[in-house]
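Me: Please take a close look at one part of this structure, the surroundings of the ligand. I am new to it, so I would be grateful for an account that then leads from there to the rest of the fold.

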Amino acid sequence: MKIIRTKDYKDMSRKAANIISAQVILKPDSVLGLATGSTPIGTYSQLAEWNQKGDCDFSHVSTYNLDEYRGLTHSDPQSYHYFMRVNFFDKINIDLANTHVPDGANPDAQAACSHYDQIVREAGYPDLQLLGIGRNGHIGFNEPDDHFSKGTHCVDLTESTIEANSRLFEKKEDVPRQAYTMGVQTIMYARMVLILASGPEKAQAVYDMCYGPIAPSCPASILQLHQNCIVMADEAALSKCPAAE
Ligand code: F6R
């Protein structure tokens, strides 16, 4: 793991956008694995700005998002389909036909998940996988468990994740209880992983990811075994880690 310490959220977002932009410049038809949540919003808006200036061309890029709430339609403002349109896809010159998010609107979990695995596999897996980290160490919606997951599957969200995500809903009861998520094995197949973390509430998860045992109780800890993983985190998120990083 390479840990990059940034001053704050803005600095983290800009540096992360630089890495993604370099990836797309070096390989215009890159396959990007993408995340939702608050963390990557600044990165997406920086990339959109560069795209509008003509500096970062997404016309040949294809994207595969990590996860989606089960039971939400694509146009539901709380869905990750909607999030990606509003925060990124509608602001850049990507062909929407090349963007993919698990189909939370399909009630048949088995069919939705195996179809997603198939298209990610056929795309050759991401060149670069962008991740955020949950306060409990989750990546995608791979929650702490007694084993690491493999392919895309349906998960029951933990109380801690429901609580954390309720800030984006009117009330906690509105947060869907299940999601479809790429598995840990699929994430590990990405040729580069860029995981972002900002703020003190992520400090323990970042410490566990980087220095704790490699265990499914902290799903992100498996990234210690990835050959090309960059942890890009701000001072607050790295506050429990050794100062040398
Ligand atoms: C989102 C996702 C999640 C988030 C994580 C952090 O697609 O896969 O793992 O990255 O929950 O969320 P934020 O960034 O909102 O703190």
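**The ligand and its surroundings**

Reply: A polar atom in the side chain of R167 lies 2.8 Å from an oxygen atom of the ligand. The model is a predicted one, and every distance here is computed from it. Two further side chains have an N or O atom placed in a similar way. For T36, such an atom is 2.8 Å from an oxygen atom of the ligand, and for H138 the corresponding distance is 2.6 Å. Taken alone, the ligand would expose 410 Å², and the protein buries 93% of that area. In total, 14 residues surround the ligand, and the closest are T39, D67, H138, G140 and K202.

H138 deserves a separate description, for it is both among the closest residues and a partner in one of the polar pairs. H138 is located in the loop between β6 and β7. Is H138 buried or exposed? With a relative accessible area of 11%, H138 is under the 20% limit and therefore counts as buried. Apart from residues up to four places away in sequence, H138 touches G132, I133, E143, T161 and P219.

The loop between β6 and β7 also holds S149. S149 has a relative accessibility of 15%, which is why it too counts as buried. A polar atom of the S149 side chain lies 3.1 Å from the backbone nitrogen of V184. Once neighbours within four places in sequence are set aside, the contacts of S149 are N142, G183, V184 and Q185.

D67, another of the residues closest to the ligand, leads to the strands. D67 stands opposite T181 in β8. The pairing concerned is that of β4 (residues 67-69) with β8 (residues 178-181), two antiparallel strands joined by three bridges. β8 is also joined to β7 by four bridges, again with the strands running antiparallel. There, D156 has Q178 of β8 as its bridge partner.

A second set of strands forms an open sheet. The sheet has seven strands with parallel pairing, in the order β1-β10-β9-β6-β2-β3-β5. Its edge strands are β1 and β5 (99-100), each of which pairs on one side only. At the β5 end, two bridges join β5 to β3 (residues 62-65), and the two run parallel; T63 stands opposite T99 in this pairing.

Towards the other end of the order, β10 has β1 and β9 as its neighbours. Five bridges join β1 to β10 in parallel, and R5 has A233 of β10 as its bridge partner. Five bridges likewise join β9 to β10, also in parallel, with V193 partnered by C229. How many residues of β10 are buried? Six of its six residues are, so β10 is largely enclosed by the rest of the structure. Both of its faces are covered: C229, V231 and A233 are buried on one side, and I230, M232 and D234 are buried on the other.

The helix α1 is associated with several of these strands. α1 (residues 9-26) contains 18 residues and reaches 26 Å from its first C-alpha to its last, close to the 26 Å expected at 1.5 Å a residue. Its buried residues include D11, M12, A16, I20 and V24. What do the buried residues of α1 pack against? They pack against the strands β1 (2-6), β2 (31-34), β6 (128-131), β9 (192-197) and β10 (229-234), as well as against the helix α2 (41-52).

Two loop residues complete the account. P28 is placed in the loop between α1 and β2. Its relative accessible area is 41%, and P28 is therefore partly exposed. Beyond residues up to four places away in sequence, P28 touches H60 and V61. Y125 is found in the loop between α4 (109-122) and β6. Most residues other than glycine have a negative phi. Y125, however, has a positive phi of about 70° although it is not a glycine. With a relative accessible area of 19%, Y125 is buried.

Key:
Residues numbered from 1 in each chain as written. Predicted model: local features only at pLDDT ≥ 70, side-chain atom pairs only at ≥ 80, totals over all residues. Heavy atoms only, no water. Expected span 1.5 Å × (residues − 1). Buried < 20%, exposed > 50% of the residue type's maximum accessible area, 1.4 Å probe, protein only. Contact = heavy atoms within 4.5 Å. Near = heavy atom within 4 Å. Polar contact = N/O pair within 3.5 Å; in protein donor to acceptor, adjacent residues only side chain to side chain. Areas by Shrake-Rupley, 256 points an atom, 1.4 Å probe, with all protein chains shown as cover. Pairing = 2+ DSSP bridges.
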